[in-house]
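Trainee: I have a new model open on my screen and would like to talk it through with you. Can we take it one topic at a time?

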Amino acid sequence: MAPPRDHGKKRRGQVKEAALAEADALISLAPDALDNILVRLHIRDAVRTSVLSRAWRHRWEALPSLDLHFPCLGGDDGAPAGLGSLEGILLRCPARVRLFHAELDGPYAGRVHDWLFVLARRGVEILDLSFNDSFPTLPSSVFSCSRLTSLSLFGCAIPLLPAGFVAFPELRKLTLANVHLEDYGEYQLEEIIRTSPLLDYLVLTDVFIGGEYIREWVIRAPNLRHLTICSENYYGWILKDLTCLNSAVIDWFDNVVHNDFAKFLSGLVQVRKLLVVSFNAPIYDKEEQKFEANGEFQNALWTDGMCANLQVVQMTGINWRRNEMCFIELILSKARLLRALCISYGGNVVMSSEDAINELLTYKRASAEAQVLFKGRET
């Protein structure tokens, strides 16, 4: 009797032959079309195409550019998946690196210097580094990435600018979150911003500057369109020449000196959309005495042209404190182009919402179109 045929094996063979035929059909496409397919894949998937057929074995190595993503996926004790193969990828594929994003911990943080050295030579354009636990000092080789258009750093200390640093001439987006700078680091940050002429998006969240004294420094960026500053403390920033500024988010700081507050507001002369978060800090004079927020306070703050283009203001986490009410009255009475003031209150209110609303309704409005929109409690 003839042995029974293995139909499963035959089907597997047919599937394999069909896959090889499809791979061969793909390899017959124009090189530009192949590159367009491969660059849309994650680098790990692009490398896996080398098993499709002999013709595909080295195809990914000829890519014109690389986008490298290594997010922390929770496996391997939190190590970013695939990051261990980065050196091999860079060695086998000489393409420029358009984007590099990695969430780094433990032993990987110590290898950043070598990676940045290679990335700088490959003309990296978008660099996004997050250090979740180790909080290392970033190597100065980051400043050699002169082709950057976007730089995002989280959870690290920024070193001093190296001798010979020129600029980030193509930088458009700068995001710093939970980063530390050394004493006099404010002037370093001022220099980075000043020498990035194309910068149009700036986020400073929990940027800590060393030293015992607060020194004034200038955020000067004539092409800046969006600004976010979130900080528990005032670190001396002064806004100047923000002629293109369209929107700003301010998570207000503690212990504001009223003169500093006035300078800060005067820098928002061009802003159209303003979001103010948790504006409940006490305001002090130069002798560190609490300053009463009243009509005299408003007049002391306001200068001609301040917030002249302001159209939309959103305030969240408001607790109806006197400083907050004074700021609301200031905006309503001075912003001539204002269309909407949106307010949501927090969990530590000092008066009822009904009383607060009744008071707000008595405030004069410089804009006949200004509406006060109550959003209820902040969620």
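Trainee: Let me start with one residue: is R322 buried, exposed or partly exposed?

Mentor: Keeping in mind that this is a predicted model, R322 counts as partly exposed, because its relative accessibility is 41%.

Trainee: And which side chain does R322 meet in a salt bridge?

Mentor: R322 meets the side chain of E359, with a distance of 2.9 Å from N to O. E359 belongs to helix α10 (residues 353–360) while R322 belongs to helix α9, so this salt bridge ties together parts of the chain that are 37 residues apart in sequence.

Trainee: Staying in helix α9, what about E324, is there a salt bridge or none?

Mentor: E324, which is also found in helix α9 (residues 322–334), is buried yet has no salt bridge, and the nearest side chain of opposite charge, R321, is 5.0 Å away. A salt bridge needs the side-chain nitrogen within 4 Å of the carboxyl oxygen, so a distance of 5.0 Å does not qualify. The side chain of E324 does have a polar atom that lies 2.9 Å from the backbone nitrogen of N319.

Trainee: How many salt bridges are there by that rule?

Mentor: The count comes to eight. One of them joins D67 and R98, whose closest N and O atoms are 2.8 Å apart. That pair links distant parts of the chain, since D67 is in strand β1 and R98 is in strand β2 (residues 96–104), 31 residues apart. D67 counts as partly exposed because its relative accessibility is 26%, and R98 is partly exposed too, with a relative accessible area of 28%.

Trainee: Which residue does R96 meet in a salt bridge?

Mentor: R96 meets E125, and the distance from N to O is 2.7 Å. This pair also links distant parts of the chain, with E125 in the loop between α5 (112–121) and β3 (126–131) and R96 in strand β2, 29 residues apart. The two residues can be described separately: E125 is buried, with a relative accessible area of 19%, whereas R96 is partly exposed, with a relative accessible area of 35%.

Trainee: Which residues are linked in a network of salt bridges?

Mentor: D183, E186 and R215 are linked in such a network. E186 sits in helix α6 and is buried, because its relative accessible area is 2%. Not counting residues up to four places away in sequence, E186 touches I209, R215 and W217. E186 and G236 are 50 residues apart in sequence, but their C-alpha atoms are 8.3 Å apart in space.

Trainee: New topic, the sheet. What is the order of its strands?

Mentor: It is an open sheet of twelve strands with parallel pairing, in the order β1-β2-β3-β4-β5-β6-β8-β10-β12-β14-β15-β16. Strands β1 (65–70) and β16 (371–377) stand at the edges with a single partner strand each, so one side of each has no neighbour in the sheet. From one strand to the next, the twist averages 10°.

Trainee: Which strands pair with β14?

Mentor: Strand β14 (residues 312–318) pairs with strand β12 (residues 273–277) in the parallel sense over five bridges, and β14 also pairs with strand β15 (residues 340–345) in the parallel sense over five bridges. Towards β12, the bridge partner of L274 is V313 and that of V276 is M315, while Q314 stands opposite C342 in β15. Strand β14 is mostly covered, with five of its seven residues buried.

Trainee: I also noticed N178. What is its phi?

Mentor: N178 has a positive phi of about 55° although it is not a glycine. That deserves a second look because most residues other than glycine have a negative phi. N178 lies in strand β5 (residues 173–181) and is partly exposed, with a relative accessible area of 27%. Y184 has a positive phi as well, near 70°, and Y184 is found in the loop between β5 and α6.

Trainee: Last one: where is T195, and is T195 buried or exposed?

Mentor: T195 is found in the loop between α6 (185–194) and β6 (201–209), and it is buried, because its relative accessible area is 11%. A polar atom of the T195 side chain lies 2.7 Å from the backbone oxygen of E191. Leaving aside neighbours within four places in sequence, T195 is in contact with F165, V166, A167, F168 and P169.

Terms used:
Residues numbered from 1 in each chain as written. Predicted model: local features only at pLDDT ≥ 70, side-chain atom pairs only at ≥ 80, totals over all residues. Heavy atoms only, no water. Helix = DSSP H or I, 4+ residues; strand = E, 2+ residues; numbered from the N terminus. Buried < 20%, exposed > 50% of the residue type's maximum accessible area, 1.4 Å probe, protein only. Lys, Arg positive; Asp, Glu negative; His and termini not counted. Polar contact = N/O pair within 3.5 Å; in protein donor to acceptor, adjacent residues only side chain to side chain. Contact = heavy atoms within 4.5 Å. Pairing = 2+ DSSP bridges. Axes fitted to C-alpha atoms, helices over the stretch in contact; angles between N-to-C directions.
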